[in-house]
Amino acid sequence: MLVVIRGAGDLASGIALRLLRSGIKVVMTDLAKPLAIRRSVAFCEANRLGEITIEGITAKHAADCREAMSLMEDGFLPVLADPDGSCIGELKPDAVVDAILAKKNLGTRITDAPVVIGVGPGFTAGEDCHAVVETMRGHTLGRVICKGPALPNTNIPGLIGGFAGERVLRAPATGVFEAVLEIGAVVKQGDVTGYVDGKPMKATIDGVLRGLIADGTPVKEGLKCGDVDPRGDASYCQLASDKALAIGGGVLEAILNLSGILRK
């Protein structure tokens with residue numbers, strides 16, 4: 001079975017980990033210059049760096065579909081610079097998972113593959129996809145919705161270590177981000193993590209810098225550019241989150257059920 005995952009950020013990467021460990025072949029797509037925050041656990045970094053290894057799985061950038069298939073044969077996870085998902089028509093996957101997490105549908109159609117799954121808000125099961133997987137933290141996280149939409153976006157980050165919106169670092173201006181620290185650094189409230197147009201982006205709480213947008217990335221004022229984990233354990237920076245794996249489990253369940261594999 002072949003699955004194309006649109007998007008290769010940290011949550012999409014958790015989905016890929018679940019599928020790959022279940023013996024499903026995966027190809028991922030993302031921007032040529034990705035905007036991931038949790039870069040140490042985002043396979044989209046393969047498009048920027050050439051390759052990245054997360055929890056023992058190595059992803060490599062593929063120039064085209066032919067190279068993607070070759071990389072899969074060699075045991076690697078291919079990542080294409082293909083934000084529009086144009087590879088879907090050529091690869092003809094058994095399933096398509098839209099995990100771009102744009103809070104709206106950017107072009108995925110229920111006719112793209114025999115099984116089409118939307119992740120999070122912006123999709124309606126039975127209309128633009130066969131199933132939706134819930135992404136909001138809480139009792140319904142990772143649940144498969146077979147009719148209707150996911151819960152609406154609240155624009156409020158999930159609670160971690162007693163903090164929600166306070167742990168998010170946002171660009172202080174419009175310009176090019178200049179990193180001062182690296183992911184995994186221990187920070188105190190007020191520490192400078194980077195600059196945009198000469199203005200400092202400061203840590204808002206104590207903890208570990210779990211995510212930071214890549215140095216040299218053009219950003220707009222207010223864009224999420226970093227994430228501080230108040231739990232203070234730097235090892236978490238190298239592991240897919242509980243949320244990512246829960247969503248991945250929901251996607252795996254949906255694929256197995258909708259493809260009929262569980263009934264064979």
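This section describes the overall dimensions and the two sheets of a predicted model.

The protein contains 5 helices and 19 strands. Its radius of gyration is 18 Å, close to the 18 Å given by the globule rule for 264 residues, so the protein is as compact as a globular protein of that length. Along the principal axes, the C-alpha atoms fill a box of roughly 55 × 40 × 30 Å. Of the 264 residues, 49% are buried. Among contacts with a separation of 6 or more, 52% are between residues 24 or more positions apart. The accessible surface amounts to about 12,100 Å², and carbon and sulfur atoms contribute 51% of that area. Positive side chains number 29 and negative side chains 31, with the centres of the two sets 4 Å apart.

One open sheet consists of 9 strands in the order β3-β4-β5-β2-β1-β6-β7-β9-β10, with mixed pairing. Its edge strands, each paired on one side only, are β3 (51-54) and β10 (144-145). Within this sheet, a run of parallel pairings can be followed from β1 through β6 and β7 to β9. Strand β1 (residues 2-6) is joined to strand β6 (residues 95-98) by 4 bridges, and valine 3 stands opposite alanine 95 in β6. A further 4 bridges connect β6 to β7, where valine 96 faces valine 116 of β7. The pairing of β7 with strand β9 (residues 131-133) comprises 3 bridges; here alanine 131 in β9 is the bridge partner of isoleucine 117.

Strand β7 (residues 115-119) is mostly covered, with 5 of its 5 residues buried. This cover extends to both faces of β7: Val115, Ile117 and Val119 lie on one side, Val116 and Gly118 lie on the other, and all are buried. Two of these residues also appear in the pairings described above, Val116 opposite valine 96 and Ile117 as the bridge partner of alanine 131.

Another open sheet is formed by 4 strands in the order β12-β19-β17-β14, and its pairing is antiparallel. The edge strands are β12 (168-170) and β14 (186-187), each of which pairs on one side only. Between them in the strand order are β19 and β17. Strand β17 (residues 207-212) and strand β19 (residues 224-229) run antiparallel and are joined by 4 bridges. In this pairing, leucine 209 stands opposite valine 228 in β19. The 4-strand sheet is thus described as antiparallel, whereas the pairing in the 9-strand sheet is mixed.

Definitions and conventions:
Residues numbered from 1 in each chain as written. Predicted model: local features only at pLDDT ≥ 70, side-chain atom pairs only at ≥ 80, totals over all residues. Heavy atoms only, no water. Pairing = 2+ DSSP bridges. Helix = DSSP H or I, 4+ residues; strand = E, 2+ residues; numbered from the N terminus. Rg over C-alpha atoms; globule rule 2.2 N^0.38 Å. Buried < 20%, exposed > 50% of the residue type's maximum accessible area, 1.4 Å probe, protein only. Contact = heavy atoms within 4.5 Å. Areas by Shrake-Rupley, 256 points an atom, 1.4 Å probe, with all protein chains shown as cover. Lys, Arg positive; Asp, Glu negative; His and termini not counted. Charge placed at Lys NZ, Arg CZ, Asp CG, Glu CD.
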